[in-house]
Amino acid sequence: MINKLTPAQEATFPLYREKWINIGLSTDRVNPLKATDAVNLLYKCGGLPAPANIYFVNGPIEAAAKLKELGVDDGVLASTVYGSHEAGWLSFYDFFQNECGIELDDKLAGLKAVADTCGWVNVYDEAAIVHDRPLVIKRDDQNRLHCEDGPAVAYMDGFEVYAWHGTRIPADWIKNKESLTASIALTWQNIEQRRAACEIIGWAKVLDSLNAKVVDEDEDPYIGTLLEVDIPEIGREKFLKVLCGTGRTFAIPVPPDMTTALDANCWTYGFDKGELRNLEFRT
């Protein structure tokens with residue numbers, strides 16, 4: 001039993017992290033020869049004969065069409081090995097197998113090979129469908145799926161995922177931003193998507209449509225105005241409405257314990273009050 005890792009073992013963490021992050025986020029095209037070997041190994045590790053046919057598709061849309069052509073109607077997500085998108089949990093086993101000498105089930109060899117060479121794979125007795133990897137994977141600074149001007153994930157067959165800081169959203173909210181209004185945002189049923197919609201529109205515009213209560217207004221517009229507002233199904237929230245150096249007005253969500261605009265502005269910068277008062281915001 002392993003109760004503690006050695007310093008040498010811990011020192012290898014960055015290597016495994018980089019290896020499996022690169023696998024999970026790869027947008028390289030699938031090599032059919034390597035993918036075929038990986039799929040055959042996957043079946044072998046599962047105690048199954050190699051599939052008679054391996055089909056290659058450009059993404060989930062083409063996979064669905066191929067399944068329909070083969071007379072399979074259980075959907076793209078059924079009987080699926082998620083290939084490169086299983087990198088997260090496979091990295092754990094890869095580390096302990098290689099660095100700690102733990103003997104693991106050989107069935108993992110097929111899963112690791114598929115992750116390293118393929119996108120998703122639909123697996124059936126007589127056939128396997130190998131999806132190519134995405135063309136695009138975009139993230140924010142916290143590694144959540146996010147893109148402000150296009151799909152966060154896109155495949156060659158046209159399948160796209162639009163996301164805002166990790167929350168999946170309708171494509172129109174990005175492709176046709178003018179169609180997204182404060183009214184739509186504030187009445188959207190899914191609360192996380194509602195918050196994303198408000199951020200896309202801009203809280204300043206959203207707050208203009210609500211009966212926001214002024215908690216505190218600083219004499220300096222660059223310090224701003226602290227507002228409190230009731231958001232349907234979310235509750236009471238506080239925002240700092242502030243003028244920035246570009247001449248535009250922004251509204252920023254701030255913690256509920258803020259009592260003055262200066263406190264809220266200090267919180268956004270991580271400054272104390274004295275430091276913030278001495279800053280020149282206008283340049």
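Asn53 of strand 1 has Ala127 as its bridge partner in strand 4. Strand 1 covers residues 53–57 and is joined to strand 4 by five bridges, the two running parallel. Helices (H or I, at least four residues) and strands (E, at least two) are DSSP runs, numbered from the N terminus, and two strands pair if DSSP finds at least two bridges between them. The model is predicted: local features need pLDDT of at least 70, side-chain atom pairs count only at pLDDT 80 or more, and totals for chains, interfaces and linings use all residues. Residues are numbered from 1 along each chain as its sequence is written, and side-chain values use heavy atoms, with hydrogens and water left out.

Strand 4 also pairs with strand 3 (residues 121–123), here in the antiparallel sense and over three bridges. Within this pairing, Asn122 stands opposite Ile129 of strand 4. The connection from strand 3 to strand 4 is a hairpin of three residues. These strands belong to an open sheet of four strands in the order 1-4-3-2, with mixed pairing. Its edges are strand 1 and strand 2 (80–81), each of which pairs on one side only.

Strand 4 (residues 127–131) is largely enclosed by the rest of the structure, because five of its five residues are buried. Buried means under 20% relative accessible area, exposed over 50%, and partly exposed in between (1.4 Å probe, protein chains only). Both faces of strand 4 are covered: one side carries the buried residues Ala127, Ile129 and His131, and the other carries Ala128 and Val130, also buried.

A further open sheet has three strands in the order 5-6-7, with antiparallel pairing. Strand 5 (136–137) and strand 7 (160–161) form its edges, each pairing on one side only. Strand 5 is joined by two bridges to strand 6 (residues 153–154), and the two run antiparallel. In this pair, Val153 of strand 6 is the bridge partner of Ile137.

Val229 lies in strand 11 (residues 225–231). With a relative accessibility of 2%, Val229 counts as buried. Apart from residues up to four places away in sequence, Val229 touches Leu207, Leu210, Ala212, Gly235, Arg236, Glu237 and Phe239; contact means heavy atoms within 4.5 Å. Between Val229 and Asn211, 18 residues apart in sequence, the C-alpha to C-alpha distance is 6.8 Å.

Leu41, in contrast, is found in helix 3 (residues 32–45). Leu41 has a relative accessible area of 31% and is therefore partly exposed. Its contacts, leaving aside neighbours within four places in sequence, are with Ala109, Gly110 and Ala113. The C-alpha atoms of Leu41 and Gly166 are separated by 34 Å, and the two residues are 125 residues apart along the chain.

Helix 11 spans residues 261–269, and its buried residues include Ala261, Leu262, Asp263, Ala264, Asn265 and Cys266. Gly270, just after helix 11, takes a positive phi of about 75°.

Over the whole protein, the secondary structure comes to twelve helices and 13 strands. The radius of gyration is 25 Å, whereas a compact globule of 283 residues would have a value near 19 Å. This radius is taken over C-alpha atoms, and the globule rule is 2.2 Å times the number of residues to the power 0.38. Along the principal axes, the C-alpha trace spans about 75 × 50 × 35 Å. Of the 283 residues, 41% count as buried. Among contacts with a separation of 6 or more, 51% are between residues 24 or more positions apart.

The protein exposes about 15900 Å², of which carbon and sulfur atoms supply 52%. Accessible areas come from the Shrake-Rupley method with a 1.4 Å probe, and for residues only the protein chains shown count as cover. The protein has 28 positive and 43 negative charges, and their mean positions are 1 Å apart. Lys and Arg count as positive and Asp and Glu as negative, while His and the chain ends are not counted. The place of a charge is taken as NZ of Lys, CZ of Arg, CG of Asp or CD of Glu.
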